[in-house]
Amino acid sequence: MQLVVARVGRAHGIKGEVTVEVRTDEPELRLGPGAVLFTDPASAGPLTIETGRVHSGRLLLRFAGVRDRNGAEALRNILLIAEVDPDVTPEDPEEYYDHQLMDLDVFTTDGAAVGRITEISHLPSQDLFVVEREDGTEVLIPFVEEIVVEIDLEEQRAVIDPPPGLIDDGAEVVSSRDAEEEATGDEDSAGADA
């Protein structure tokens with residue numbers, strides 16, 4: 001099975017290094033020297049990692065055969081893909097690979113069906129489940145402990161405890177200005193009755 005483990009960013013310096021946006025919880029395993037990665041688009045790879053280091057909180061990689069800034073810039077925005085055994089799971093029991101979460105049925109804590117996970121979106125601040133509802137619409141569920149309370153791979157389901165307004169379409173949003181207008185309107189009508 002193939003998993004996206006990083007996206008190549010901009011060139012760093014003049015010796016062929018690139019920044020990478022890491023998309024794996026195991027960068028030391030997937031992005032270490034000697035790792036051979038497939039690419040998207042496929043015509044850019046495969047790429048072999050020659051060196052890796054952290055600089056100012058960012059992972060920098062150099063690939064075999066890429067020796068200058070121009071070569072590094074040519075790799076910008078390419079996705080790096082690792083071949084992973086589908087039966088292997090992360091060491092931490094609270095971590096999951098994307099392929100394990102895909103197609104899980106999502107329910108609320110009270111048993112109401114929400115939909116099915118069709119995609120996992122990796123954002124800098126947190127990951128999101130893209131959940132397709134029965135009517136074809138999508139809802140985004142932050143993959144955080146406070147909301148996703150259970151992942152049961154055997155039962156192929158995720159249980160969520162959503163805050164008000166996250167999944168219920170009928171939730172009303174009232175601004176403070178609306179509340180003031182209601183209060184002012186009530187006072188005006190009360191004065192007219194007197």
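Is Thr19 buried or exposed? Thr19 is buried, because its relative accessible area of 6% falls under the 20% cut-off. The legends below start from the whole chain of this predicted model and then come back to this residue in its own close-up.

**Figure 1. The whole chain, with its helices and strands.** Welcome to the overview of this predicted model. The chain holds 4 helices and 12 strands. Of its 194 residues, 32% are buried. Among contacts with a separation of 6 or more, 47% link residues that lie 24 or more positions apart. About 12000 Å² of the chain is exposed, and carbon and sulfur atoms supply 48% of that area.

**Figure 2. A closed barrel of 6 strands.** To trace the barrel by eye, follow the order β1-β2-β5-β4-β3-β6, where the pairing is antiparallel. From one strand to the next, the twist averages 50°. One of the pairings joins strand β1, residues 2–12, to strand β6, residues 79–83, in the antiparallel sense over 5 bridges. Within this pairing, look for Val4, whose bridge partner in β6 is Ile81.

**Figure 3. Thr19 and the residues it touches.** Here is the residue from the opening question, placed in strand β2, which covers residues 17–22. Leaving aside residues up to four places away in sequence, Thr19 touches Arg7, Val8, Gly9, Arg10 and His12, and also Arg58, Leu59 and Leu60. With these neighbours on display, recall that the relative accessible area of Thr19 is 6%.

**Figure 4. Strand β3 and its two partners.** This strand spans residues 36–40, and its faces are worth a careful look: Leu37 and Thr39 form the covered face, while Val36, Phe38 and Asp40 form the uncovered one. One partner is strand β4, residues 47–55, paired with β3 in the antiparallel sense over 2 bridges. A hairpin of 6 residues joins β3 to β4, and Val36 stands opposite Thr48 in β4. The other partner shown is β6, with which β3 pairs in the antiparallel sense over 3 bridges. There, Asp40 stands opposite Leu79. Val36 and Asp40 thus each serve as a handy landmark on the uncovered face of β3.

**Figure 5. An open sheet of 6 strands with mixed pairing.** Read this sheet in the order β10-β9-β8-β7-β12-β11. Its edge strands are β10 (138–142) and β11 (148–152), each of which pairs on one side only. The twist averages 35° from one strand to the next. Inside the sheet, strand β8 (residues 113–122) pairs with strand β9 (residues 127–132) in the antiparallel sense over 6 bridges. A good spot to zoom in is Ile117, which stands opposite Val131 in β9.

**Figure 6. The largest pocket and its lining.** Those who like to work with pockets can finish here, with a volume of about 910 Å³. The lining of the largest pocket counts 31 residues, and Asp25, Tyr96, Asp98, His122 and Asp127 are the ones that lie nearest its centre. At least two lining residues come from each of β1, β2, α3 (98–101), β8 and β11. Which strand gives the largest share of the lining? That strand is β11, with 4 residues. Some of these elements have appeared in earlier views: β1 and β2 belong to the closed barrel, while β8 and β11 belong to the open sheet.

Note on methods
Residues are numbered from 1 along each chain as its sequence is written. This is a predicted model: local features need pLDDT of at least 70, side-chain atom pairs count only at pLDDT 80 or more; totals for chains, interfaces and linings use all residues. Side-chain values use heavy atoms; hydrogens and water are left out. Buried means under 20% relative accessible area, exposed over 50%, partly exposed in between (1.4 Å probe, protein chains only). Contact means heavy atoms within 4.5 Å. Accessible areas come from the Shrake-Rupley method with a 1.4 Å probe; for residues, only the protein chains shown count as cover. Two strands pair if DSSP finds at least two bridges between them. Axes are lines fitted to C-alpha atoms, for helices over the stretch in contact, and angles run from 0 to 180 degrees between N-to-C directions. On a 1 Å grid over the protein atoms alone, a cavity is a set of points where a 1.4 Å probe fits but cannot get out, and a pocket is an open set with protein on both sides within 12 Å along at least five of seven lines; lining residues have an atom within 4 Å of a point. Grid points are joined across faces, edges and corners, and a volume is the space filled by probe spheres set on the points.
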